[in-house]
Amino acid sequence: MSNVLNTIGNTPLIKLNTIPDQSGAQVYLKLEYFNPTASYKDRMALAVIEEAEKRNELKQGMTVIENTAGSTGTSLAFVCSAKGYKFKAISSNAFSKEKLMGIQMFGGELEIINNDSLEITPDLIPRLMTYVKKLSFDKSYFWTRQFENPDTLIGYSAMAREIVNQIELPIHTFCAAVGTAGMFVGVGGELAKVYNNINLIALEPASSPLLSKGFTGTHNVEGISAGFMPPFLNYLNHYNVQSIEELQAINMANRLVNEEGVLAGKSTGLNVAAAVNIAKSLTPNDIVITVACDSGMKYLSTGLYSK
């Protein structure tokens with residue numbers, strides 16, 4: 001019998017018709033905000049919960065816990081609600097109110113660790129992780145470990161298979177912003193099995209260029225550039241890195257809604273800004289794929305779309 005969890009995945013892949021330079025490559029965008037909580041994180045949430053159930057690591061009566069910038073927490077709260085588990089999220093006031101409210105709407109418990117600057121500083125995510133790790137010593141908790149749990153990749157490999165079925169021409173480049181790097185690796189690694197010469201490009205904000213320059217910094221692109229090297233990147237044999245200015249990401253998020261009818265967040269703006277830049281150096285026969293990570297409805301309180 002079908003249930004709400006069966007609505008995860010099978011999201012649309014659209015071609016951007018207005019923003020890219022028509023002399024360059026075609027740019028396609030996977031609209032992951034068509035998932036139930038309007039985020040690609042629904043995929044990983046379902047995968048990590050169901051794989052843990054199969055191994056009997058997660059049992060009824062236990063509480064699922066995770067540190068989160070908001071979208072993972074909302075997705076886990078959603079899946080746990082549908083499956084009858086309690087969920088506890090550790091997050092921060094640096095992240096959007098809409099995402100934090102989403103966790104609570106699905107019945108999750110939310111504990112906030114304040115960051116005085118209200119920005120994503122290099123120490124913020126490590127602080128949240130350290131706190132959750134201490135909690136996880138209590139055997140009544142199941143920590144999903146989103147930054148290192150390989151079950152995450154199972155959830156994202158399905159996205160890659162969808163893309164392959166939705167596109168006719170070979171894919172030249174797949175690019176995506178990196179937080180846990182689970183989506184980038186899960187999708188990119190699976191695409192590389194189909195397209196041997198695909199160019200995989202990990203994206204990051206220019207103000208925190210750890211992957212490209214080896215140092216971190218403060219930024220305001222929620223869900224990416226966590227302040228340390230994501231372990232999942234070790235799963236890929238080869239990938240390239242590009243950094244994008246945050247103002248470019250903001251401008252592109254606004255262009256997407258005004259010119260393409262795509263209402264998505266700042267990380268999506270960063271993804272598309274990079275994809276459009278990459279496309280300029282390629283031919284109209286080439287394909288660049290990137291991802292609309294989540295809905296812009298989650299960022300209305302942040303001033304992202306202020307004129």
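These legends go with several close-up views of a predicted model.

**View 1. Six strands side by side in one open sheet.**
Reading across the sheet, the strands come in the order β1-β2-β10-β7-β8-β9, and their pairing is mixed. β1 (13-15) and β9 (240-244) sit at the edges with a single partner strand each, so one side of each has no neighbour in the sheet. Going from one strand to the next, the twist averages 25 degrees.

**View 2. Strands β7 and β8, running parallel.**
Here we zoom in on one pair from that sheet. β7 covers residues 173-177 and β8 covers residues 199-205, and five bridges join them. To get your bearings, find Thr173: standing opposite is Asn199 in β8.

**View 3. Two cysteines, Cys175 and Cys293, and no bond between their sulfurs.**
The structure has zero disulfides. Why do Cys175 and Cys293 not make one? The sulfur of Cys175 has its closest cysteine sulfur in Cys293, and that is 10 Å away, too far for a bond. A disulfide would need the two sulfur atoms within 2.5 Å. Are these cysteines buried or exposed? Cys175 is buried, at a relative accessible area of 0%, and Cys293 is buried too, at 6%.

**View 4. The largest cavity, about 270 Å³ in volume.**
The structure holds four cavities of 30 Å³ or more, and this view shows the largest. Its lining is made of 25 residues, with Lys41, Ala69, Glu222, Gly223 and Ile224 closest to the centre. By class, the lining of this cavity splits into ten nonpolar, eleven polar and four charged residues.

**View 5. The largest pocket, with about 320 Å³ of space.**
Now for a pocket. Of the 17 residues lining the largest one, Ala94, Asn220, Glu222, Lys266 and Thr302 are the closest to its centre. You've met Glu222 already: that residue is also among the closest to the centre of the largest cavity. The lining of the largest pocket counts eight nonpolar, six polar and three charged residues.

**View 6. The second largest pocket, with about 240 Å³ of space.**
Fourteen residues line this pocket, and Arg43, Leu46, Ile154, Gly155 and Ala158 are the closest to its centre. Which helices should you look for? α1 (41-54) and α5 (151-166) each supply at least two residues of the lining. The largest share, six residues, comes from α1. As for class, the lining here has five nonpolar, three polar and six charged residues.

Methods. Residues are numbered from 1 along each chain as its sequence is written. This is a predicted model: local features need pLDDT of at least 70, side-chain atom pairs count only at pLDDT 80 or more; totals for chains, interfaces and linings use all residues. Side-chain values use heavy atoms; hydrogens and water are left out. On a 1 Å grid over the protein atoms alone, a cavity is a set of points where a 1.4 Å probe fits but cannot get out, and a pocket is an open set with protein on both sides within 12 Å along at least five of seven lines; lining residues have an atom within 4 Å of a point. Grid points are joined across faces, edges and corners, and a volume is the space filled by probe spheres set on the points. Ala, Val, Leu, Ile, Met, Phe, Trp, Tyr, Cys and Pro count as nonpolar, Asp, Glu, Lys and Arg as charged, and the others, Gly among them, as polar. Buried means under 20% relative accessible area, exposed over 50%, partly exposed in between (1.4 Å probe, protein chains only). Two strands pair if DSSP finds at least two bridges between them. Helices (H or I, at least four residues) and strands (E, at least two) are DSSP runs, numbered from the N terminus. Axes are lines fitted to C-alpha atoms, for helices over the stretch in contact, and angles run from 0 to 180 degrees between N-to-C directions.
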